[in-house]
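Reader: I am new to this structure and would like a close look at a single part of it. Please take one residue, describe its surroundings with care, and then go on to other parts that help me to place what I see.

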Amino acid sequence: MLTVLLILIPFIAGLIAFGLKGSGPKVLGMIASLASVATAIGTVCTLHADPKKLSFVTDWIPQLGSQFRVGLDGMGTMLCLLTAIAFLLVFITIYNRDIERPNSFYGLMLLSQAGLVGVFTAFDALQFYVFWELALIPVYFLCSMWGGEKRIPVTFKFFVYTFLGSLLMLVGIIYLYFQTPDHSFSWTSFTSLQLSMGDQKWLFWLFFVAFAIKMPVFPFHTWQPDTYEQSPTPVTMILSGVMVKMGLFGVLRWLVPVLPEGAAMWADVAIVLSIIGIIYASCIAMVQSDLKRLIAYSSIAHIGLMSAAIFAHNEQGTQGVLLQMFNHGINIIGLWIIVEVIQNRLGVKNMDQMGGMARKAPRMAIFLVIISLANIGLPLTNGFIGEFLMFSGLFQYNHWFMAFAGLGIILAAVYTLNMIQKVIFGEGNTLTDTTTDLQPGETVALSLVVIMIFVLGVYPQPMLDLVSKAF
Amino acid sequence: MNALISTALSGVVLMFVGLFVRNKQHIKFFAIAAIILSFIANLTLYPTVQLGSYIQYGMIEVSKFSVLFNAVALGATLIYFLLSGKEFEKVGEHVGDYFALIFFILAGITLASSFSNLLMLFLAIEIMSIPQYVLAGADRKSLKSNEASLKYFLMGSFSTGILLMGIALIYGAAGTFNITELGLGADPVHPLALCGIILMAFALAFKVSAVPFHFWTPDVYDGSPTVFTSFMATVVKAGGFVAFLRMFHVSFSGGAISQHWTLILSIITAATLILGNFSAVFQQSVKRMLAYSSIAQAGFMLFAVIAINQFAAQGIVLYAAAYSLATIGVFAVLMKLKDYTFEGFNGLARKQPLLALATTIFLFSLAGIPVTAGFFAKYFVLSAAIQHGHLLWLVIVGVLCAAISVYYYFRVIMAMYFKQGDPEVEPISGGFRAALVLTIVLVLVLGLFPGLLIGWL
């Protein structure tokens, strides 16, 4: 029942939020996200004690053999925890901000949280598809209503891309449904299918394109930098921290277990695409002067590494990915919080107009340095262990792939350090001289991020134990 | 049978009501009462078909499918009356006649869902078509309306002639009008039968506005009074499809003959999807966009005709319901606006949040986004085509076109929510709001639990 509660809390709170006025929505958002974090921690404990309690099945459309079937394994629990924490961090950061029409904003945010948790807990393919779409729609409205100047065409492109991908996936799901002997959508029926090589060969692409668009993997990534740039930063945090994980999750939960031979057959292609993405995105990130676009491209590079490690398909690589999904989520949200703060203070995103912020905002500068270094995977931070495992997984699969993917680390160090230097060091200017340091809410959010960075960096064992619990 | 009698009688009664009752509001209430009675009369047949279908007088087959489809058609018409009944008064003086004509069309539709004889098919198509020619020209002072009526009449009569020719050829090949006894499946296929089938397919494709027989659609839908376009594009089109589906599934599905027409219809379907969607993208008026969207949606419904299986029957019922509800809803909102272009919707969300929300949900349904009825409608027709086995290319075409359709449906949503403007909106009555909420609830409930509808099948 806890699992259902994880979906219901944000869903109901979201619906209520639409009807509230004044500071009601943000208080409700805070309460709901705290309750979600508590419930998510509850599921972690339950998973260790009695995993069966986390499953819940009831009839949905008996004519089709589709059921409302939720459950959690290690990966699902980790992602639900990440979702809950991400929304809490976002709500803490923006607590003191003035947002236009707060009731719609918080309502849509909470609904998208419900959709995301639904995706991570679904064990019925049709239900998975429905939640997959539902998570997208509130985000579409959030980006289009509160985003930057070019928000309407940009978010529309994003929507059409992902919608097309998911329709292809729907075709794949229906096809697989007809192959199951008992005509069921459940995950167990899908994974126990013995599909011929010929089928797996093309079915792979129906699913892969849907997930690759979401991650995004080169060459399906073109929506992403624009969308990240134009979205309001709180939404970008959710997009890059949690929503991109939907794609990785989809590969790990549905693609690889259901079509193992297809995944093995196309693994080289998928890894090459991912590695092209890593290098290409890193190179673009090096020459970006727009802070938001820089982080967007760095995110493509990181996701590329994760997707390559998934298709290497060995124990270490997969564990690294699972670990990194959580850590990348935390780190990138931390970075976005700082971007949000800078934007709030200076009103610009261009790094050439920044500089010397360390003197005026020393606390922010420290947080930025720590989080950036964690993002490039420095030892003793949370990013290190995941990247290490992923690289060793990739190394076992093919030395050359690892070597090229490894270039990404070097390039990441280049653009990250460059970014730090441009933003907080150097000469100040009239714009940055007036800046102020972090407010209490922002400090709390960033402190939470940094605590998680160090705890998981020094002692990742609990997280490794959690994610390795299979369903 | 009950529905046929009750709708035909209601039509006659309403003509007299129109003569004797002066108050137009009262005529509308009469019409709503009549449609509810017909709905109930139709449902009373359901217990009798529990054990199986039966044929009456050798002409009409009463089956679960026909009862359910009639219920959907009558229910959608009820929603249509509730939402747009008031608009009838704006078209002209003879409100009673308009309602009567709608009931005659319904009589044709109930026949289309249950005919078991080719003569009845012909009658059904004619009964559905002739009142439409009148309705299209109901706005006598408008030149566009007159043009629509004449165009529709000429093209429609022509296609009816082709249908009759097809029926005659099939009679020549089979020697009977009874659709279950045609027995055309034998190999080698009788050339007369093949010609007949192709002629019938073309005529019916005309009635459901499939490409390349669609040229009348945009002009007729655009020229007719909007309130009648709303009905013609939804319930009547669904009626055409049910005749199409019944004819081809019952008579032409067995043996070697189905391979001959499957290919032709597949090409027609692909053309309908591609042309309908691409043309809709370029429209500037929402009304015309909806006309092309109805062509595009017809492409999806054709999936059900081609794929002969259980999913197809369920799919056509669900599609008829989902598509009719959503399109009737969008038209109802459209009629409240002064400006029918996309810009006319700018800023509607600020001014009339309920109208904007309703339109959004209806457009989601048309685009096939989950938790709306349209998603499962698309789901079922796609399932039908995938289960068929040899239509995967068509499914992929359909999916790509569905993604294109998002473009023009979302243009309306973008205008309403993300653009500034001050649209002129007619005053909204409480009854209209209630009907709109009812429609939203129906769309969402069918989107969450499609079993509530197809469970009856």
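Author: In this predicted model, B:Phe252 sits in the loop that joins α10 (226-251) and α11 (257-281) of chain B. B:Phe252 counts as buried because 25 other C-beta atoms lie within 10 Å, where the cut-off for a buried residue is 20 or more. Leaving aside residues up to four places away in sequence, B:Phe252 touches B:Leu184, B:Ile197, B:Ile257, B:Ser258 and B:Trp261. B:Gly137, by contrast, is 115 residues from B:Phe252 in sequence, and the two C-alpha atoms are 36 Å apart in space.

Turning to chain A, helix α9 (residues 223-230) has seven of its eight residues buried, so this helix is largely enclosed by the rest of the structure. The buried residues of α9(A) are A:Trp223, A:Gln224, A:Pro225, A:Thr227, A:Tyr228, A:Glu229 and A:Gln230, and what covers them includes α5 (125-146), α6 (151-179), α10 (233-258) and α12 (291-312) of chain A.

The contact between the two chains draws 20 residues from chain A and 22 residues from chain B. On the side of chain A that touches chain B, α5 and α6 of chain A each supply at least two residues, and α6(A) gives the most, with 11 residues. By character, the residues on that side of chain A comprise 17 nonpolar, two polar and one charged. Helices α5 and α6 of chain A thus appear in both settings, among the elements that cover the buried residues of α9(A) and among those that supply residues to the side touching chain B.

Notes
Residues numbered from 1 in each chain as written. Chains lettered and ligands numbered in written order. Predicted model: local features only at pLDDT ≥ 70, side-chain atom pairs only at ≥ 80, totals over all residues. Buried ≥ 20, exposed ≤ 12 C-beta atoms within 10 Å, placed from the backbone. Helix = DSSP H or I, 4+ residues; strand = E, 2+ residues; numbered from the N terminus. Contact = placed C-beta atoms within 7 Å. Nonpolar A, V, L, I, M, F, W, Y, C, P; charged D, E, K, R; others polar.
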